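Student: Could you take me through one part of this model closely, namely the place where the two chains meet? After that, I'd like to see how it fits into the rest of the structure.

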Amino acid sequence: MKPAAFDYIRAEHLDEVLDALAREGGDARIIAGGQSLMPMLNMRLAKPKTLIDIMRLGELARIECKGGNIIVGAGVRQATLLAWPELGEALPLAALALPWTGHVQTRSRGTVCGSIAHADPSAELPLVLCALGGEVHLRSANRRRRIAAQDFFAGMMATSRADDELIEAVSFPADQNRCAFREVARRHGDFAIVACAAVATKNGVRLAVGGVADMPVVREFPRLEASALGDVLNTFAYELDARDDVHASARYRRDLVRLIGAELMREVLP
Amino acid sequence: MSRLPADQRHAVQFTLNGKPCSGEAEPRMLLTDFLRHEIGATGTHVGCEHGVCGACTVEIDGKLSRACLTLAVQVDGCAVRTVEGLAPASGRLSILQAAFKRNHALQCGFCTAGILMSLDNFLRENPDPGEQDVRDLLTGHLCRCTGYTPIVRAAMEAAAEMAGDASKEKSDA
């Protein structure tokens, strides 16, 4: 339960981070708040040769509103976003979901982008990013690209980030539509057994489900009558390919998707 | 940029409970082990070592943090506060600690250091908490002895006592 040995780089400039990633690529990992990476290191599920600490880069610790997007830099802690005075107005879904992301004691250090990078299928922030159709901003020494959240996540704790790329920021489209969030976990703040987010759209509702498949799954539904709604949610629940694990059975997970899904859809489409 | 090689020990300087403190750590050394084995501050306990149990909770620059999810080299230049910093003087307990003792809010005491740190920080920022607020805070900790009820009672009592002290100061002024 102690990390394997690694070199530690305390970066002062972005160039140093990008150079180190270009040079050491897959052998290096970025550390920001450490609330996802440190458990992986302690359990030796990750054994990087180099750790690059980005938390001294003030330029990455910004929340910006640009072109209808809320851009959250790689150094922004979860507690900072939760305390951002404009959060409720600009990103009501994030305001609902963030209190479920870990505990006070981990949100104080954990970053928003760190949770996205870790790509745990039951984590709340990847779910919110997918539900809102956000983007991940990637940067390497010689290129920058943006990728849609749903294309970024590639499976359980797997993403399409290249080894030399830094997640510089994530952007959430500011969304004032009606939204709702609900989660079931063994203990508040633990990883979700099922987490659901719903956002009203022009023709119906967009429902995102975490904790069931190997990444967040988003589906658009038209406005439906109660009887038809039960059927489509049942089909959706089976399509998520739920598995039994130590926390809950597949059947229980499907049940939660049907139950919470219907509740949230009623909430956002009254 | 500074690069700290894996196989060497590096100087780490910070303040511990208000006093300057220094030691040496390999990059991979956790803050929990650094506090306990390098500094000899064994008040901070080590439970699960992956951030779940909360026994190692300390304050770093005024923010609650899991010491087991923090590297010693990351706190260079920071202000660290641990359970050793809670008592106002040797042989005296803080209001919160005394409330824990009165209410039997600990049995084996393994989780207590972390819970005291969380509650101390929380009560400073939330002087008039509801019981549910305290229970929400405690979701970040595991206690297998008490069932939490005496811990919640101690926290509420400490909050009331601190509020009483504050109002007395106001009326004396």
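Tutor: Happy to! Let's begin with a rule for strands: two of them count as paired if DSSP finds at least two bridges between them. Keep in mind throughout that this is a predicted model.

With that rule in hand, look at where the chains meet. Strand β1(A) and strand β1 of chain B, residues 2-4, pair in the antiparallel sense, with three bridges between them. One of the residue pairs is easy to find on your screen: A:I9 has B:R3 in β1(B) as its bridge partner.

Now widen the view to the whole contact between the chains. On the chain A side 30 residues take part, and they are in contact with 29 residues of chain B. Four elements of chain A each give two or more residues to this side: β1 (7-10), α2 (37-42), β3 (50-53) and α6 (104-107). The most comes from β1(A), with four residues, and β1(A) is also the strand that pairs with β1(B). Sorted by class, the side of chain A that touches chain B has 13 nonpolar residues, nine polar ones and eight charged ones.

Next, the partner, chain B. Chain B has six strands and five helices, and along the sequence they come in the pattern β-β-β-α-β-β-β-α-α-α-α. For its overall size, the radius of gyration is a handy check: a compact globule of 173 residues would have a value near 16 Å, and chain B has 17 Å, so the two agree. Taken along the principal axes, the C-alpha atoms of chain B fill a box of roughly 55 × 40 × 30 Å. Of its 173 residues, 43% count as buried. If you take the contacts in chain B with a separation of 6 or more, 58% of them come from residues 24 or more positions apart.

Chain B is also divided into two domains, domain 1 (10-85) and domain 2 (95-167). Their C-alpha centres lie 22 Å apart. Where these two domains of chain B touch, 13 residues come from domain 1 and eleven residues from domain 2. On the domain 1 side, strand β4 of chain B (residues 57-60) gives the largest share, three residues. That side of domain 1 of chain B divides into six nonpolar, six polar and one charged.

Back to chain A, whose domain assignment gives domain 1 (7-52), domain 2 (62-173) and domain 3 (179-268). The C-alpha centres of domain 2 and domain 3 of chain A are 21 Å apart, and 23 residues of domain 2 are in contact with 18 residues of domain 3. For the domain 2 side, α5 (92-97), α8 (124-131) and β8 (153-155) of chain A are the elements that give two or more residues. Of these, α8(A) gives the most, with six residues. The classes on this side of domain 2 of chain A are 16 nonpolar, five polar and two charged.

A strand worth a close look in chain A is β10(A), residues 166-173. Seven of its eight residues are buried, so this strand is largely enclosed by the rest of the structure. Strand β5 of chain A, residues 69-73, runs antiparallel to β10(A) and is joined to it by five bridges; here A:V72 stands opposite A:V170. Strand β6 of chain A, residues 135-139, is also antiparallel to β10(A) and joined to it by five bridges, with A:E135 opposite A:S171.

For a contrast in burial, find A:G67 in the loop between β4 (63-66) and β5 of chain A. A:G67 has 8 C-beta neighbours inside 10 Å, and since 12 or fewer is the cut-off, A:G67 counts as exposed. From A:G67 to A:L269 there are 202 residues in sequence and 27 Å in space, C-alpha to C-alpha.

One last stop is helix α10 of chain A, residues 226-239. At 1.5 Å a residue, its 14 residues should span 20 Å, and the end C-alpha atoms are 20 Å apart, so the expected span and the model agree. Just after α10(A), A:D241 takes a positive phi of about 55°.

Definitions and conventions:
Residues are numbered from 1 along each chain as its sequence is written. Chains are lettered from A and ligands numbered from 1 in the order in which they are written. This is a predicted model: local features need pLDDT of at least 70, side-chain atom pairs count only at pLDDT 80 or more; totals for chains, interfaces and linings use all residues. A residue is buried if 20 or more other C-beta atoms lie within 10 Å of its own, exposed if 12 or fewer, and partly exposed in between; C-beta atoms are placed from the backbone. Two residues are in contact if their C-beta atoms, placed from the backbone, lie within 7 Å. Ala, Val, Leu, Ile, Met, Phe, Trp, Tyr, Cys and Pro count as nonpolar, Asp, Glu, Lys and Arg as charged, and the others, Gly among them, as polar. The radius of gyration is taken over C-alpha atoms; the globule rule is 2.2 Å times the number of residues to the power 0.38. The expected span of a helix is 1.5 Å times one less than its number of residues. Domain bounds come from an automatic or database domain assignment.
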